[in-house]
Amino acid sequence: MPTTNAHRLLTILALICQLPYSLQQDEEEQHGHTHDLDPMIFTDFAATDEPIGSIMTLHLASMILAFGIIYPIGMVLGLVKSRWHVPVQVLGSLVFVGGFFLAHAHSGRNYEPHNAHRGFAWFVVWSLIAQVAMGAYLKLHLEKGIHGRIRSLFVTAHRWLGILVPVIGYTQIVLGVIAIVGFCYGEHTGQCLAHFIMGSSFAGYGIIMLISLRVGGPWLLKRQRSQEWYDSWMITLWGIVNTFTEHRWGSNWNSSDYQHTSMGIIWVAAGTVGIWLSRNEQRSVVPALVIALTAAAFQGHAQHVANSGHIHSFFGYMLMAGAISRIVEICFVWKKGVFTVSPWQYMPPMFLMMAGVIFMGATEEQLSLLATIGIDPASYINVLLSFAFFLFLYTNILLGLWERLSGYDNKASTEGYTEVEREELHDGASFLEDDEDDYTKEHNALALGSLRQRD
Ligand code: HEM
Ligand code: HEM
């Protein structure tokens, strides 16, 4: 009997191992896969018309599983030093390696040979090789002599690269989606980049706001900074970059150069006001005002594709809702030293994620496609909003996992709070820290006081 079971198991394993090859054979009989196509044959789109094929479907599914689900969960497990970290990341890496081979085995649709997904793939692959190699070294727990010093360097590098892995993976997934549909090619590249970078930045800002809201309180309190101090620095620096890079110096100015460069200038101006106002741990509405101004600017943004006006103004409303709810949160809802989250406080990050996802879904080509297949903008917006809700939920789940496994949620609950526990709570956000600068007793007392007041 055991032999029969072992036989069955072996047969199943053999079939699973053969699956990619048999699928490839099936597909190769119908089509081929080459990287030698003349780029001149790609006029409007960077992909041919053939079906994408089952190997490509398996490639994208396995990569989304590895980078979208397994690695981020494993990252959280690493941050809380769970014993499940290594097994989960080994599983993620196996799925990644499988996905890598599938990517090279695909047939069916062919792609423009210089697509960004192919170029960035090598960066992803080497980052992961470095991450897994550092992980393996750390797992050996060599701590004597020179290893003591190397180890702490590797822990820091492994931690920060580990936090970057979901970001790198996200970028590669977006580039993969663009590659598979052949969008953003030729004259579309510029506005496509603008939409994906801006949209990702808004959604990313929403994610950072949510992290700061749920677990960043102790960290900010310890550093004696308000979040707007960091936000304003980002706005100022980003403004400087935009001021000098949006126009090709030496060439003539066009209306888009004026729009983007002036946006850079206002960001520098407003950002510096924000830095000044948010000194000494003060909260400031300036970053939210910058968002509101951006929303207002989009209401008047010139559009020349069908449905574009509708979707851009919806984007503007979401951004404005984010800005207004943030101003209310800062002025009337937030209380210093209180780490429990009130329902209102979830609104600003949620609206920013919605705005970001909608903006990513509003490139010229996506909107023309809607018009061609006859999907109305309202239904399309519903689908984009669903993505945003999912992103919001997923970020909350990952944060919840961290809170629970690190013991943060017990300490942050205001019941039976003591001074000693408060100090531990400060350490709860230690994954974000490099140095151990101390916060003053007054802060402790103040925060503790407001915690008790709430009770
Ligand atoms: C598959 C191979 C991997 C192995 C064997 C491994 C192993 C380890 C080990 C042993 C630690 C504990 C370090 C210590 O002593 O403090 C650790 C921490 C960590 N790992 Fe990995 N890891 C792997 C992959 C990854 C990946 C792919 C990521 C990111 C997605 C990641 C993210 C992290 C993070 C964020 C920490 C916490 C570092 C800290 O703050 O102390 N690891 N890993
Ligand atoms: C982080 C996740 C991903 C990684 C690391 C990754 C990695 C790779 C690699 C290594 C290749 C082979 C490049 C070459 O031929 O030199 C590839 C090809 C490809 N991938 Fe991905 N991929 C990911 C996600 C996706 C997703 C989500 C999609 C689609 C929705 C996708 C679509 C494609 C396409 C269309 C190709 C063929 C490109 C060509 O043949 O030129 N990938 N990918």
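In these notes I count Ala, Val, Leu, Ile, Met, Phe, Trp, Tyr, Cys and Pro as nonpolar, Asp, Glu, Lys and Arg as charged, and the others, Gly among them, as polar. The model I looked at is predicted.

**Ligand 1**

I sorted the shell around ligand 1 by class and got twelve nonpolar, nine polar and two charged residues. The shell holds 23 residues, and Gly78, Gln89, Gly135, Arg159 and Gly162 come nearest to the ligand. I then asked which elements supply them: helix H2 (54-79), helix H3 (85-105), helix H4 (116-139) and helix H5 (146-181) each give two or more residues.

**Ligand 2**

I repeated the lookup for ligand 2 and found 22 residues around it, with Met63, Ala103, Ala121, Gln172 and Gly176 nearest. At least two residues of this shell come from each of H2, H3, H4 and H5. H5 has the largest share, with seven residues. By class I listed 14 nonpolar, seven polar and one charged.

**Val124**

I went on to H4, where Val124 sits. Is Val124 buried or exposed? I found 20 C-beta neighbours inside 10 Å, and the cut-off for buried is 20 or more, so Val124 counts as buried. Leaving out neighbours within four places in sequence, I find Val124 in contact with Ile168 and Gln172. Val124 and Gln172 are 48 residues apart along the chain, and their C-alpha atoms are separated by 7.7 Å. Gln172 is also one of the residues that come nearest to ligand 2.

**Whole protein**

I stepped back to the whole protein and noted 16 helices and zero strands. Of its 455 residues, 30% count as buried. I took the contacts between residues at least 6 apart in sequence and noted that 79% of them join residues at least 24 apart.

**Helix H8 and its cover**

I checked the length of helix H8, residues 255-277. At 1.5 Å a residue its 23 residues should span 33 Å, and the end C-alpha atoms are 33 Å apart, so the two agree. Which residues of H8 are buried? I list Trp267, Gly271 and Gly274. I noted beside them that an α-helix has 3.6 residues a turn, so residues three or four places apart point the same way. The cover over the buried residues of H8 includes helix H7 (227-245) and helix H9 (286-299).

**H8 against H9**

I looked up how H8 packs on H9: the angle is about 155° and the axes are 9 Å apart. Angles over 145 degrees count as roughly antiparallel, which is why I enter H8 as roughly antiparallel to H9. By class, the residues of this contact are eight nonpolar, one polar and no charged. On the H8 side I wrote down Trp267, Ala270, Val273, Gly274 and Leu277, and these meet Val286, Pro287, Leu289 and Val290 in H9. Trp267 and Gly274 are also among the buried residues of H8.

**Two positive phi values**

The loop between H8 and H9 holds Glu281. I noted that Glu281 has a positive phi of about 65° although it is not a glycine. Glu281 has 14 C-beta neighbours inside 10 Å, so I enter it as partly exposed.

His141 also went into the notebook, with phi near 50°, a positive value in a residue other than glycine. I located His141 in the loop between H4 and H5. I enter His141 as exposed because it has 8 other C-beta atoms within 10 Å, and the cut-off is 12 or fewer.

**Gly206 and Gly407**

Where is Gly206? I found it in helix H6 (residues 189-223). Gly206 has 25 other C-beta atoms within 10 Å and is therefore buried. Apart from neighbours within four places in sequence, I have Gly206 in contact with Pro349, Leu352, Met353 and Gly356. I also looked up Gly206 and Pro348, which are 142 residues apart in sequence and 7.3 Å apart in space, C-alpha to C-alpha.

My last entry is Gly407, in the loop between helix H13 (377-406) and helix H14 (408-412). With 13 C-beta neighbours inside 10 Å, Gly407 counts as partly exposed. Gly407 and Val80 are 327 residues apart along the chain, with their C-alpha atoms separated by 9.3 Å.

Notes: Residues are numbered from 1 along each chain as its sequence is written. Chains are lettered from A and ligands numbered from 1 in the order in which they are written. This is a predicted model: local features need pLDDT of at least 70, side-chain atom pairs count only at pLDDT 80 or more; totals for chains, interfaces and linings use all residues. Helices (H or I, at least four residues) and strands (E, at least two) are DSSP runs, numbered from the N terminus. Two residues are in contact if their C-beta atoms, placed from the backbone, lie within 7 Å. A residue is near a molecule or strand if its C-beta atom, placed from the backbone, lies within 6 Å of it. The expected span of a helix is 1.5 Å times one less than its number of residues. Axes are lines fitted to C-alpha atoms, for helices over the stretch in contact, and angles run from 0 to 180 degrees between N-to-C directions. Angles under 35 degrees count as roughly parallel, over 145 as roughly antiparallel, 65 to 115 as roughly perpendicular and the rest as oblique.
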